Amino acid sequence: MPAEATETGEGADSSRGGLRKVARVVLLDPQDRILLLHGHEPDDPADDWWFTPGGGVEGDESREEAALRELAEETGITEVELGPVLWRRMCSFPFAGRRWDQDEWYYLARTTQTSTEAAGLTELERRSVAGARWWTCQDLSRAHETVYPTRLAELLRRLLDEGPPAGPVTLDTEIV
């Protein structure tokens, strides 16, 4: 179950038929580890997964502004260099009793700040986010846990080996 829905914000209720615009962050530290959040269904902590920080665009903010705001709210990390959009993905999944339809853009960012504090979580996030962890590419490759987007280990390896793509790569649509 994707934790992409653990963020709530303006326009987050996709049951009204709208496509939620989401900005996510592929945050790398100086050792090229990626920060992932550990999410789960609010009423079933055993139904869990890992996902990149990020969330819905609010009001008239840009996706870049949303990426930085969500990163600060979910991790406390504000000292970042926001880079290009790496990937785009459409996804649809059930979470917390509703269906979420999202158009996600994944931004590259780098930071030297590795301590996290999730001080700005929404009520739903407080019930469904269990923490954060820095992962090496090797950690991801060996992981038996569910990670979103799928193929993140492969995507991260390509990013580290080849650098950012010339333009955003469209990932496979994920419907759960």
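What share of the contacts with a separation of 6 or more in the protein chain comes from residues 24 or more positions apart? The share is 73%. Keep that in mind as you look through the views below, which come from a predicted model.

**Figure 1. The whole protein chain, with its four helices and 10 strands.**
Let us start with the overall picture. Following the sequence from its beginning, you meet the pattern β-β-β-β-α-β-β-α-β-α-β-α-β-β. The C-alpha trace spans about 40 × 35 × 30 Å along its principal axes. The radius of gyration is 15 Å, which agrees with the value near 16 Å that a compact globule of 176 residues would have. Of the 176 residues, 47% are buried.

**Figure 2. The outside of the protein chain, with about 8,200 Å² exposed.**
Carbon and sulfur atoms supply 46% of this exposed area. The protein chain carries 19 positive and 34 negative charges. The mean positions of these two sets of charges are 3 Å apart.

**Figure 3. The largest nonpolar core, made of 19 residues.**
Now for a look inside. The core members that touch the most other members are Val26, Ile34, Leu36, Trp87 and Leu140. Two or more residues come from each of these elements: strands S1 (20-28), S2 (34-41), S5 (80-95) and S6 (98-111), together with helices H3 (137-142) and H4 (152-162). Helix H4 gives the most, with five residues. A second, separate core holds 14 residues, including Val25, Val57, Ala66 and Trp134.

**Figure 4. Ile34 and its contacts beyond four places in sequence.**
Here the view moves in on one member of the largest core. Which residues does Ile34 contact once its neighbours within four places in sequence are left aside? Val26, Leu27 and Leu28 are among them, and so is Thr52. Further along the sequence come Arg133, Trp134 and Trp135, and the list ends with Leu140, Leu152 and Leu156. One of these partners, Trp134, belongs to the second core.

**Figure 5. Asp32, in the loop between S1 and S2.**
Asp32 is not a glycine, although its phi is positive, at about 65°. Is Asp32 buried or partly exposed? Its relative accessible area is 27%, so Asp32 is partly exposed. Leaving aside neighbours within four places in sequence, Asp32 is in contact with Arg110 and Leu160. The C-alpha atoms of Asp32 and Leu156 are 9.4 Å apart in space, while the two residues are 124 residues apart in sequence.

**Figure 6. Ala96, in the loop between S5 and S6.**
This view shows another loop residue with a positive phi. For Ala96 the angle is near 55°, in a residue other than glycine. Ala96 is partly exposed, because its relative accessible area is 33%.

**Figure 7. Asp48, a residue of strand S3 (residues 44-51).**
With a relative accessible area of 28%, Asp48 is partly exposed. What does Asp48 touch, not counting residues up to four places away in sequence? The partners are His38, Gly39, His40 and Thr146. Look for Val147 as well: Asp48 and Val147 are 99 residues apart in sequence, yet 9.3 Å apart in space from C-alpha to C-alpha.

**Figure 8. The cis peptide bond that joins Tyr148 and Pro149.**
At this bond, omega is about 0°. Pro149 lies in the loop that runs between strand S8 (147-148) and H4. Both Tyr148 and Pro149 are touched by Glu174, the subject of the next view.

**Figure 9. Glu174, in strand S10 (residues 174-175).**
Is Glu174 buried or exposed? A residue counts as buried when its relative accessible area is under 20%. Glu174 has 12%, so Glu174 is buried. Not counting residues up to four places away in sequence, Glu174 touches Arg89, Met90, Cys91 and Ser92, along with Tyr148, Pro149 and Thr150. Thr150 is 24 residues from Glu174 along the chain, and their C-alpha atoms are separated by 8.4 Å.

Key:
Residues are numbered from 1 along each chain as its sequence is written. This is a predicted model: local features need pLDDT of at least 70, side-chain atom pairs count only at pLDDT 80 or more; totals for chains, interfaces and linings use all residues. Side-chain values use heavy atoms; hydrogens and water are left out. A nonpolar core is a set of buried Ala, Val, Leu, Ile, Met, Phe, Trp, Tyr and Cys residues joined through side-chain atoms within 4.5 Å. Buried means under 20% relative accessible area, exposed over 50%, partly exposed in between (1.4 Å probe, protein chains only). Contact means heavy atoms within 4.5 Å. The radius of gyration is taken over C-alpha atoms; the globule rule is 2.2 Å times the number of residues to the power 0.38. Accessible areas come from the Shrake-Rupley method with a 1.4 Å probe; for residues, only the protein chains shown count as cover. Lys and Arg count as positive and Asp and Glu as negative; His and the chain ends are not counted. The place of a charge is taken as NZ of Lys, CZ of Arg, CG of Asp or CD of Glu.
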